[in-house]
Amino acid sequence: MVLRVVAGYQILMASAVGIHFIITKLYHPGGDEPFTAWQVMNWFMVVSVVIALGLSFRRKRALEDDPHWRDYLETNLTFYGAIWLALWFFWNWLGVFSGQDSGTFWGFINPLFVIVVGSLGCRMWSRLAALNRSS
């Protein structure tokens with residue numbers, strides 16, 4: 001049950017970030033006004049990034065000695081994508097607090113977040129569904 005909640009949280013966060021990333025241009029007038037919705041959402045994104053790091057690390061450690069090329073590629077792309085996401089996210093997010101925020105850099109972080117967190121959440125959800133069907 002807990003794993004299903006975690007998978008759902010990851011999928012929900014990836015969807016929320018993807019949708020909000022697109023519609024921000026519709027409601028934000030531009031200029032120096034703060035993105036208060038993003039400031040709140042970033043705290044939830046922190047949790048997702050940490051979960052993504054943990055899930056991808058666990059998946060990489062569980063990789064067989066002689067995996068199929070597709071499993072190897074998926075596992076490593078997800079793992080190194082999660083590390084890349086964490087480095088970019090925390091570097092830029094901590095810059096927000098010190099006044100050194102690179103606003104344009106979020107344009108790279110948010111799509112990467114959607115891809116990494118969304119793919120991990122969907123994979124986890126489908127594996128849990130397969131386990132429930134088989135038991």
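How far apart should the end C-alpha atoms of helix α2 (residues 36–61) be at 1.5 Å a residue? The 26 residues of α2 should span 38 Å, and the end C-alpha atoms are indeed 38 Å apart, so the two values agree. Keep in mind that this is a predicted model. The close-ups below start from the whole chain and then go in helix by helix.

**View 1. The whole chain is built from four helices and zero strands.** Reading from the N terminus, the elements go α-α-α-α. The C-alpha trace spans about 55 × 25 × 20 Å along its principal axes. Of the 135 residues in the chain, 34% are buried. Take the contacts between residues at least 6 apart in sequence: 69% of them join residues at least 24 apart. As for the outside, the accessible surface comes to about 8,800 Å², and carbon and sulfur atoms account for 68% of that.

**View 2. Helix α1 has a kink centred on F21.** The bend there is about 35 degrees. With its 26 residues, α1 reaches 35 Å from first C-alpha to last, close to the 38 Å expected at 1.5 Å a residue. The buried residues here are A7, Q10, M13, A14, V17, G18, H20 and T24. What do the buried residues of α1 pack against? Their packing partners are α2 and α4.

**View 3. Helix α2 is kinked too, this time around N42.** The kink comes to about 30 degrees, and the end-to-end span of α2 still agrees with the expected 38 Å. Buried along α2 you'll find W38, M41, N42, M45, V46, S48, V49, A52, L55, S56 and R59. Their cover includes α1 (2–27), α3 (69–98) and α4 (106–134). Note that N42, the centre of the kink, is itself on the buried list.

**View 4. The largest nonpolar core has 26 residues.** Inside this core, the residues with the most contacts are V17, M45, L85, F89, F113 and V116. Each of α1, α2, α3 and α4 supplies at least two core residues. Which helix gives the most? That would be α4, with nine residues.

**View 5. Zooming in on F113, one of the core residues with the most contacts.** Leave out anything up to four places away in sequence, and F113 touches M13, A14, V17, M45, S48, V49, L85 and G118. Among these partners, M13, A14 and V17 are buried residues of α1, while M45, S48 and V49 are buried residues of α2. V17, M45 and L85 also appear with F113 among the core residues with the most contacts.

**View 6. M124 is a buried residue of helix α4.** Its relative accessibility is 13%, and that is why M124 counts as buried. Setting aside neighbours within four places in sequence, the contacts of M124 are L3, V6, A7 and L55. Of these, A7 is on the buried list of α1, and L55 is on the buried list of α2. For a sense of scale, M124 and M41 are 83 residues apart in sequence and 22 Å apart in space, C-alpha to C-alpha.

**View 7. R59 is a charged side chain that is buried in helix α2.** Is R59 buried or exposed? At 14% relative accessibility, R59 counts as buried, because the cut-off is under 20%. Not counting residues up to four places away in sequence, R59 touches E74, T75, T78 and R123.

**View 8. R59, R70 and E74 belong to one salt-bridge network.** Side chains of opposite charge can pair when their charged atoms come close. The structure holds two salt bridges. One of them joins R59 to E74, with the closest N and O atoms 3.2 Å apart. R59 sits in helix α2 and E74 in helix α3, so this pair ties together parts that are 15 residues apart in sequence. In the other, E74 meets R70 at 2.8 Å, N to O. Both E74 and R70 lie in helix α3, four residues apart, about one turn of the helix. E74 itself is partly exposed, with a relative accessible area of 27%, whereas R59 is buried at 14%.

How values were computed: Residues are numbered from 1 along each chain as its sequence is written. This is a predicted model: local features need pLDDT of at least 70, side-chain atom pairs count only at pLDDT 80 or more; totals for chains, interfaces and linings use all residues. Side-chain values use heavy atoms; hydrogens and water are left out. The expected span of a helix is 1.5 Å times one less than its number of residues. The bend at a residue is the angle between axes fitted to the seven residues ending there and the seven starting there. Buried means under 20% relative accessible area, exposed over 50%, partly exposed in between (1.4 Å probe, protein chains only). Contact means heavy atoms within 4.5 Å. A nonpolar core is a set of buried Ala, Val, Leu, Ile, Met, Phe, Trp, Tyr and Cys residues joined through side-chain atoms within 4.5 Å. Accessible areas come from the Shrake-Rupley method with a 1.4 Å probe; for residues, only the protein chains shown count as cover. A salt bridge is a side-chain nitrogen of Lys or Arg within 4 Å of a carboxyl oxygen of Asp or Glu.
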